Each structure stands twice: as structure tokens, then as C-alpha cells.
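Here's a walk through the strands, turns and core of this one. Have the viewer open and follow along.

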Amino acid sequence: MDEKKKAAPADLPAAQENAPPGPETSDPEASDTAEKKAAPAGRITLRLTRGDRRLLLLLGGGALLCMLVQTIILGHSPGSMVEITVGGKLVQTVSLSTDRTIQLTGVGGGTNTLVIKNGKADMTEADCPDQICVKHRAVSKKGESIVCLPHQIVVTVTGGEAAEVDAGTQ
Ligand SMILES: [Zn+2]
């Protein structure tokens with residue numbers, strides 16, 4: 001009796017340890033049949049795991065898609081900032097979201113008036129001889145620019161973070 005009682009607990013863990021590697025190490029068909037024969041709880045757990053994987057894939061794919069769409073939209077959307085350079089030096093970075101009129105002094109003392117309105121930057125006045133910058137249409141999209149060659153003023157729309165830089169310039 002004593003020997004059997006001692007043997008029983010010792011045998012059970014050993015049997016449990018030996019049991020799982022059996023079907024797992026064998027070929028997939030054997031494990032499939034083992035799953036079918038196994039308790040329903042085991043199959044439910046397996047299904048949940050598969051569902052989780054699908055969910056993760058969906059979430060991951062969705063997030064990736066969102067990033068892609070965002071990148072595409074941002075690439076085609078109006079820029080948020082305007083960089084103004086005079087003589088090749090950055091003199092001002094302003095937000096397109098705040099309407100304002102900026103008086104610029106170009107190289108050689110010429111003046112230009114840049115108007116930011118409705119998310120667009122437009123050179124409305126200039127005392128340059130060619131008036132090309134004034135004739136140039138308003139810019140609003142990232143990468144667009146207005147150039148006043150005689151005054152060496154370049155106004156370029158960029159997509160930088162508007163709020164922080166804008167707060168610094170004002
Ligand atoms: Zn000009």
C-alpha cells in the first residue's frame with residue numbers, strides 16, 4: 001500500500017510531462033487527430049488564437065494603411081509653413097494658417113509685401129523691376145515657391161510643424 005501511494009504521485013507528473021511531446025513531435029496529421037479527440041476547451045483556445053492572429057494582422061494592416069494614406073494626403077495637401085529667405089538666408093518661418101501681411105526688405109533695399117491669407121501666400125506688392133513675384137500666383141502647396149530675383153527673396157511653402165515655429169517668430 002505504502003509503495004503504491006508513493007508511486008502514484010510520482011508517476012502522474014511523469015506521465016503528464018511525457019504526454020505532450022508525443023503528439024507534437026510526431027507528424028502534423030497525428031497532432032490534428034489529437035486535437036479532434038481533445039476536449040472542446042482546447043479547440044476553442046486554438047480558434048481564439050487564430051482569431052487573435054487575424055485581428056492582429058487586420059490591425060497591423062489597418063495601421064499601415066492609415067500611415068500610407070496619411071503620407072499620401074499630406075504629400076498632396078496644402079503646406080503648413082512658409083519659409084522666407086533673403087539673399088539665401090532664412091529670415092522668417094511663418095504659418096499659413098494665420099492671416100497676416102509681411103513686409104520684406106530684399107537685397108539692395110527693395111521691398112516686397114507678402115500676404116498670408118486663407119492658407120495661401122501671395123506676393124501682392126514689390127518695387128522690383130520685373131514684378132515677376134507679384135504676378136506669380138499665390139502658393140499654398142508644399143514645395144511651391146515665389147521668387148523675387150532682383151531682391152533675392154524666396155518664399156517657399158513647407159510642411160513643417162506650424163505651431164511651434166510660428167510661436168517663435170511672433
Ligand atoms: Zn519681385
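## V134 and helix 5

V134 sits in helix 5, which covers residues 132–135. Keep in mind that this is a predicted model. Is V134 buried or exposed? Neither, quite: V134 has 17 other C-beta atoms within 10 Å, so it comes out as partly exposed. The cut-offs behind that are 20 or more for buried and 12 or fewer for exposed.

Which residues does V134 touch, once neighbours within four places in sequence are set aside? The contacts are M123, T124, E125 and A126. V134 is also 9.2 Å from L114, C-alpha to C-alpha, with the two positions 20 residues apart in sequence numbering.

Just ahead of this helix, Q131 lies in the loop between strand 5 and helix 5. Q131 isn't a glycine, yet its phi is positive, at about 60 degrees. For context, most residues other than glycine have a negative phi. Q131 has 14 C-beta neighbours inside 10 Å and therefore counts as partly exposed.

## The core around L114

Now for the nonpolar part. The largest nonpolar core contains 19 residues, and V82, L114, A121, M123 and V155 have the most contacts inside it. Which strands feed it with at least two residues each? Those are strand 1, strand 4 (111–117), strand 5 (120–126), strand 6 and strand 7 (153–158).

L114 is a handy place to center the view. Ignoring neighbours within four places in sequence, L114 is in contact with I84, I102, L104, A121, M123 and V155. Among these contacts, I102 is also tied to L114 through the backbone pattern: L114 in strand 4 is the bridge partner of I102.

## Two hairpins, strands 3 to 5

Strand 3 (residues 100–105) pairs with strand 4 in the antiparallel sense, over 6 bridges. The two make a hairpin with 5 residues between them, and G108 in the turn has a positive phi of about 95 degrees.

Strand 4 then carries on into another hairpin, this one with strand 5 and with 2 residues between the strands. These strands run antiparallel and are joined by 6 bridges, with K117 standing opposite K120 in strand 5. What is the phi of N118, in the turn? It's positive, about 55 degrees, even though N118 is not a glycine. N118 belongs to the loop between strand 4 and strand 5, and with 11 C-beta neighbours inside 10 Å it counts as exposed.

## The open sheet

In what order do the strands of the open sheet line up? There are 4 of them, ordered 2-1-7-6, and the pairing is antiparallel. Strand 2 (89–95) and strand 6 (145–148) are the edge strands; each has a single partner, so one side of each has no neighbour in the sheet. From one strand to the next, the twist averages 15 degrees.

Zooming in on one pair, strand 1 (residues 81–86) meets strand 2 over 6 bridges, antiparallel again. One of the matched positions is T85, whose bridge partner in strand 2 is L90. As a reminder, strands of a sheet pair through backbone hydrogen bonds, either parallel or antiparallel.

How values were computed:
Residues numbered from 1 in each chain as written. Predicted model: local features only at pLDDT ≥ 70, side-chain atom pairs only at ≥ 80, totals over all residues. Pairing = 2+ DSSP bridges. Axes fitted to C-alpha atoms, helices over the stretch in contact; angles between N-to-C directions. Core = buried A, V, L, I, M, F, W, Y, C linked by C-beta atoms within 7 Å. Contact = placed C-beta atoms within 7 Å.
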